[in-house]
Amino acid sequence: MDEDGGGDGAADSGDAPTNDGQRFDRLPATADERTVPERPTREEVLAWWDERFGIEPAVFAEHTFWERGSGKIWAFRGELTTPVEIEALGMTCLRTRQEHWKPTMSAIQRFGEHATRNVVHLAREQAATFLAGEDQDLDWDGDWGYLVVTHDLAGGSEPLGVGLYVYGELRSQVPKGRRRDLR
Amino acid sequence: MDVLARYEPLVDDFEAFRAACERPLPSVVRVNTLRTTVERARRAMTADGIDVESVGWHPHLLKLDDQPGANWPYVHGWIHGQEEVSALPARVLDPAPGERVWDACAAPGSKTTQLAALMDDRGLVVATDDNLGRLSALRSNTERLGVTNVAVTNEDARVHSLQPFDEEPYDRALVDVPCSCEGTVRKNPDTLAEWTIEHVRGIAGAQKGILRRGVQATRPGGTVVYSTCTFAPEENEGVLDHVLAEESCRLVEVDLPLESSPGVTEWEGEEYDPSVVRARRIYPHQNDTGGFFCAKLEVTG
Ligand SMILES: C[S@@+](CC[C@H](N)C(=O)[O-])C[C@H]1O[C@@H](n2cnc3c(N)ncnc32)[C@H](O)[C@@H]1O
C-alpha cells in the first residue's frame, strides 16, 4: 500500500465510541453531530483545504469524507450508510492526527489544480529531485508547512505532490512506493 | 505436454496461431482520461523520449517502445500499463456514469480503473478480490490514477456480500476470473509449462461459482460480462453452459472492434448450450494481441 492505506487498528480506550482501524465512519457534518471525540467534521475538513490552499468547498461537493483508524481521512465520491466495514473507500486524502494536518500525494494530484496559495512551482530538475524523495534548498518567502508542489508537464502546470517547507528547505513527502529517479 | 496442440481442431490457421504465441508482445498503455487527454499524454511521453503509436480500435490505447512505469506521465497517473485485449471487457460492459458496477475479481485493478474512467468517476464501482497482496497493488493503482468512486472488498467473490452497499443489486458486473492464462503466453512463456488438466478442471469450478454470484448480484435487465485469458473451453463455454442452466440469464451478441471467432458448442465429447456461439474468442494471430475470451449476459430473472 503506498500511503496511509492500511488501517493501523489504533483505538482509543474508554467508553466513548472510538475509531476502528477496520472500518470507515463518515465524518459528522458539524461539531453538533460529533459522537467520537477528536473526530474532525466535514466542515473542518472543507475549511482546512480552503484556508491552507484556497481550494473551495465546492470542489468537494460530490465527495463524502470518512475516517478509518484515528485521523486517517478518505474521500469517496458517493454515499453509503455509515459505518462501512471494507478494505478501502475512495482515496486517502488527509491525516489529521498531528498538529499540522497533512494532505496525501494522491489528494494533491487529484484536487491540487484548484489550489491558489501555498503552491510552489519547481523547474524540471528540482521536480526530479523532489520525486526521488530528496530534500533541497529552496527560496520561498511564503508560509512554512505543507505546500502543493507543481511543475510543467505537456504545456501546463500540474500538481505533483506534497512538500514540507521549513528552514529554507523543501522536504519531499513523496511516499516510498511512489518515488522514482527520473534524473 | 504440448498444450497449444489441444486447440488445433478449434483454430483456423493453426500454424499462424502457434507462431503468434511465440512472439513477444509490445507494451501498451491506456490513457487515464480522468486525468488528461490522449493528446497531452502523447505529448508528455514524446517529451520524455518515448515513441508512441496509436492502437486503431481503441482511441485511449498507445503502444510504446519502452517500459510503461518510469516516466512523468506515469507518475501523474496519466497512463496505466494494460494489454490491448485486456481493455476489451470493460468496453463490452459499457457502464455509464452514475451506475452501480461490481468488479468481481478486480486486482490489480486495470479494469477497475478503466471502468471508473468510463463512468467519469461517478456512481459506484465495487472492486473485490480474495488476495490481499494483489489488492494492495489495486489500491496503489486507484490512488495513482486519482479514482474516488471505488469501494474495495477482500472476500471470496462466490459469497460476495451486498450488506456494505445498502443491499442493492448492481446494474452491471464484470467477472474477469482467475484462469489457466494460456492467452498470456506471449508475456509469460512459463504459463504453459505449469499447465495441468487438473488445474483447468479445478479452476472451472471456482469460475462457475463466481459467475453465478455475478448474475445473482445484478438486477434483472442488467448486464454481466464474463472474461478469461485462456483458450480452454472448460473455462469458457463450459462455464457459460453451467451458469445458463443454473441462473436466470441469457447470452447476447457482442460487437467487438477486433477480429474474433465464435464460441465453440462442442469440446472433447461435451455439448454446450447452442447460444454460447454468441461468446467471442480472440486468438493471438488474429490481431497480433494476447489471447482472450469474452461473453455478455443479460440477467432475466
Ligand atoms: C485475471 S485476474 C483479474 C485481473 C483484473 N481484473 C485486472 O484487470 O487487473 C483474477 C483475480 O481473481 C482473484 N481471485 C481468484 N479467486 C477468487 C475468488 N474466489 N474471489 C475473488 N477473487 C478471486 C485473483 O486473486 C486475481 O487477482
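This report describes backbone features and pockets of a predicted model with chains A and B.

## Backbone geometry

Most residues other than glycine have a negative phi, and most peptide bonds are trans. The following residues depart from that pattern.

In chain A, the peptide bond that runs from Thr82(A) to Pro83(A) is cis, and its omega is near -5 degrees. Pro83(A) belongs to the loop that connects strand S3 (72–76) with strand S4 (88–89) of chain A. In chain B, Ala107(B) and Pro108(B) are joined by a cis peptide bond with an omega of about 5 degrees. Pro108(B) sits in the loop between strand S5 (100–103) and helix H5 (110–118) of chain B.

Two residues that are not glycine have a positive phi: for Asn118(A) the angle is about 55 degrees, and for Glu167(B) it is near 60 degrees. Asn118(A) occupies the loop between helix H2 (105–111) and strand S7 (119–121) of chain A. Glu167(B) lies in the loop between strand S7 (150–154) and strand S8 (170–176) of chain B. Is each of these residues buried or exposed? Asn118(A) has a relative accessibility of 11% and counts as buried, because buried means under 20%. Glu167(B), at 53%, counts as exposed, because the cut-off for that class is over 50%.

## Surroundings of Pro178(B)

Pro178(B) is placed in the loop between S8 and helix H7 (197–216) of chain B. With a relative accessibility of 39%, Pro178(B) counts as partly exposed. Leaving aside residues up to four places away in sequence, Pro178(B) touches Cys105(B), Ile203(B), Gln207(B) and Ile210(B). Pro178(B) and Gly290(B) are separated by 112 residues in sequence and by 16 Å in space, taken from C-alpha to C-alpha.

## Pockets

The largest pocket has a volume of about 1,200 Å³. Its lining consists of 47 residues, and those closest to the centre are Ala107(B), Pro108(B), Lys111(B), Arg134(B) and Asp176(B). Both partners of the cis bond in chain B, Ala107(B) and Pro108(B), are thus named among the residues closest to the centre of this pocket.

Where does the largest pocket lie with respect to domain 1 and domain 2 of chain B? The largest pocket lies between them, because domain 1 (4–24 + 84–299) and domain 2 (26–82) both give residues to its lining. Several elements of chain B each supply at least two lining residues: strand S1 (27–31), H5, strand S6 (124–129), S8, H7 and strand S9 (218–228). H5(B) provides the largest share, 3 residues.

The second largest pocket has a volume of about 400 Å³. Of the 20 residues in its lining, Arg110(A), Glu113(A), His114(A), Leu34(B) and Arg35(B) lie nearest the centre. H2 and strand S10 (156–166) of chain A are the elements that give two or more residues to this lining.

The table sets out the composition of the two linings.

| Pocket | Nonpolar | Polar | Charged |
|---|---|---|---|
| Largest pocket | 20 residues | 17 residues | 10 residues |
| Second largest pocket | 5 residues | 6 residues | 9 residues |

Terms used
Residues are numbered from 1 along each chain as its sequence is written. Chains are lettered from A and ligands numbered from 1 in the order in which they are written. This is a predicted model: local features need pLDDT of at least 70, side-chain atom pairs count only at pLDDT 80 or more; totals for chains, interfaces and linings use all residues. Side-chain values use heavy atoms; hydrogens and water are left out. Helices (H or I, at least four residues) and strands (E, at least two) are DSSP runs, numbered from the N terminus. Buried means under 20% relative accessible area, exposed over 50%, partly exposed in between (1.4 Å probe, protein chains only). Contact means heavy atoms within 4.5 Å. On a 1 Å grid over the protein atoms alone, a cavity is a set of points where a 1.4 Å probe fits but cannot get out, and a pocket is an open set with protein on both sides within 12 Å along at least five of seven lines; lining residues have an atom within 4 Å of a point. Grid points are joined across faces, edges and corners, and a volume is the space filled by probe spheres set on the points. Ala, Val, Leu, Ile, Met, Phe, Trp, Tyr, Cys and Pro count as nonpolar, Asp, Glu, Lys and Arg as charged, and the others, Gly among them, as polar. Domain bounds come from an automatic or database domain assignment.
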